[in-house]
Amino acid sequence: MTEKRLAIIGGTGFASVGNLKVIREHSVDTPFGSCSSVLKTVELEGVEVIILFRHGSPHRIPPHKVNYLANIWALHEVGITHVIGVTAVGGISRTASPKKIIIPDQIIDYTYDRKHTFFEQDPQQVTHIDFTEPFCRELREVLLLMAAETGLDVLAGATYGVTQGPRLETAAEIRRMARDGCDVVGMTAMPEASLAREMGICYAVCSLSINWAAGCGSSKEMINLAEMEKTIEQEMVAVRQLLGASVRHLHLTS
């Protein structure tokens, strides 16, 4: 069997969850500039895993300024085969209520002015990737299997609408996204997912719904940023549990 080397791209709130034993850390020079953070090799459930903090450490890089090219290139350069991207999202559909863990299976990309491909510098030919299924089926199945085994209630499939940020969306924009078929809204799954596909990396997202998107929910109230932060702090523990189980499973099946 081929050895699997796993990385976690940590998003909002992930850095503050528990104490991870850092074994080593190093920087990777890339043709695309600096990564969001150093690559930290940590021990998670007895397995060595690389963690990269998407928004920097401390959190300082807004979604539209993340150097997705450098992040994915660096992980590929050190031999990573599987990546789980942790993201915080807003719920649009009834099934994506706050505090729910979601394993999306589709994407609609609303971003602009982001570098979306490695294949634009002096290309010898036009390069296309199959993006019919934007997330790696193998890795999604592992996350769902481990959720079932650990008794975590997750939403097994959703369409992730990716917006530009850093502002949150208007209620009208969310209504449009709902008509388009989006179940959740976030700002970081693209171009992370497509760049990973270009590099041949098995990539999936583990999302945590931290609030109702604008105009959704029963109260239709304004989004409360303090409540969002509280939800992240409380519920990211369950995300960490799911990641630990998934890392252990992947290691045992390598």
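Q: Let me start with one side chain. Which residue has its backbone oxygen 3.0 Å from a polar atom of the side chain of Arg-114?

A: That residue is Met-187. This is a predicted model, and in it the side chain of Arg-114 also has a polar atom 2.8 Å from the backbone oxygen of Gln-164. Arg-114 itself sits in the loop between β7 and α2.

Q: How far away is the nearest side chain of opposite charge to Arg-114?

A: The idea is to compare a distance with a cut-off: a salt bridge needs a side-chain nitrogen of Lys or Arg within 4 Å of a carboxyl oxygen of Asp or Glu. Here the nearest candidate, Asp-109, is 6.3 Å away, so Arg-114 has no salt bridge although it is buried.

Q: Which residues does Arg-114 touch, leaving out those up to four places away in sequence?

A: Its contacts are Pro-63, His-64, Tyr-68, Thr-163, Gln-164, Met-187, Met-190 and Pro-191. Two of these, Gln-164 and Met-187, are the residues whose backbone oxygens we have just met. Keep Tyr-68 and Pro-191 in mind, as both come back below.

Q: How many residues of helix α1 are buried?

A: A residue counts as buried when its relative accessible area is under 20%. In α1, which covers residues 68-77, eight of the ten residues are buried, so the helix is largely enclosed by the rest of the structure. They are Tyr-68, Leu-69, Ala-70, Asn-71, Ile-72, Trp-73, Ala-74 and Leu-75.

Q: What do the buried residues of α1 pack against?

A: They pack against four strands, β1 (6-10), β3 (39-44), β4 (47-53) and β5 (82-91), and against helix α4 (192-198). After α1 comes Gly-79, with a positive phi near 90 degrees.

Q: Which residues other than glycine have a positive phi?

A: Glu-45 and Lys-99 are two examples. Phi of Glu-45 is near 55 degrees, and this residue lies in the loop between β3 and β4. Lys-99 has a phi of about 80 degrees and is found in the loop between β5 and β6. Glu-45 is partly exposed at 47% relative accessibility, and Lys-99 is partly exposed at 46%.

Q: How do I read strand β11, and is it buried or exposed?

A: Begin with a general pattern: in a regular strand, side chains alternate between the two faces of the sheet. In β11 (residues 202-212), ten of the eleven residues are buried, so the strand is largely enclosed by the rest of the structure.

Q: Do β5 and β11 run parallel or antiparallel?

A: They run parallel, joined by ten bridges. To find one on screen, look for Val-86 and its bridge partner in β11, Cys-206. Strand β6 (residues 101-102) also pairs with β11, but in the antiparallel sense and over two bridges. There, Ile-101 stands opposite Leu-208.

Q: How many disulfides does a search of the whole structure find?

A: One. The test is whether two cysteine sulfur atoms lie within 2.5 Å, and the sulfurs of Cys-136 and Cys-202 are 1.9 Å apart. The link ties together distant parts of the chain, since Cys-136 is in the loop between β7 and α2 while Cys-202 is in strand β11, 66 residues apart. The angle about the S-S bond is -75 degrees, a left-handed link. Both Cys-136 and Cys-202 are buried.

Q: How far from Cys-182 is the nearest cysteine sulfur?

A: It belongs to Cys-216 and is 11 Å away, and Cys-182 is in no disulfide. Cys-216 is in no disulfide either. Cys-182 is buried, at 3% relative accessibility, and so is Cys-216, at 13%.

Q: Where are cis peptide bonds found?

A: Omega is the angle to check. One cis bond joins Gly-165 and Pro-166, where omega is about 0 degrees, and another joins Met-190 and Pro-191, with omega about 5 degrees. Pro-166 lies in the loop between β9 (159-162) and α3 (171-180). Pro-191 lies in the loop between β10 (184-186) and α4, and here we return to our starting point: Met-190 and Pro-191 are both among the residues that Arg-114 touches.

How values were computed:
Residues are numbered from 1 along each chain as its sequence is written. This is a predicted model: local features need pLDDT of at least 70, side-chain atom pairs count only at pLDDT 80 or more; totals for chains, interfaces and linings use all residues. Side-chain values use heavy atoms; hydrogens and water are left out. Buried means under 20% relative accessible area, exposed over 50%, partly exposed in between (1.4 Å probe, protein chains only). Contact means heavy atoms within 4.5 Å. Two strands pair if DSSP finds at least two bridges between them. Lys and Arg count as positive and Asp and Glu as negative; His and the chain ends are not counted. A polar contact is a pair of N or O atoms within 3.5 Å; within protein, one must be able to donate a hydrogen and the other to accept it, and residues adjacent in sequence count only if both atoms are side-chain atoms.
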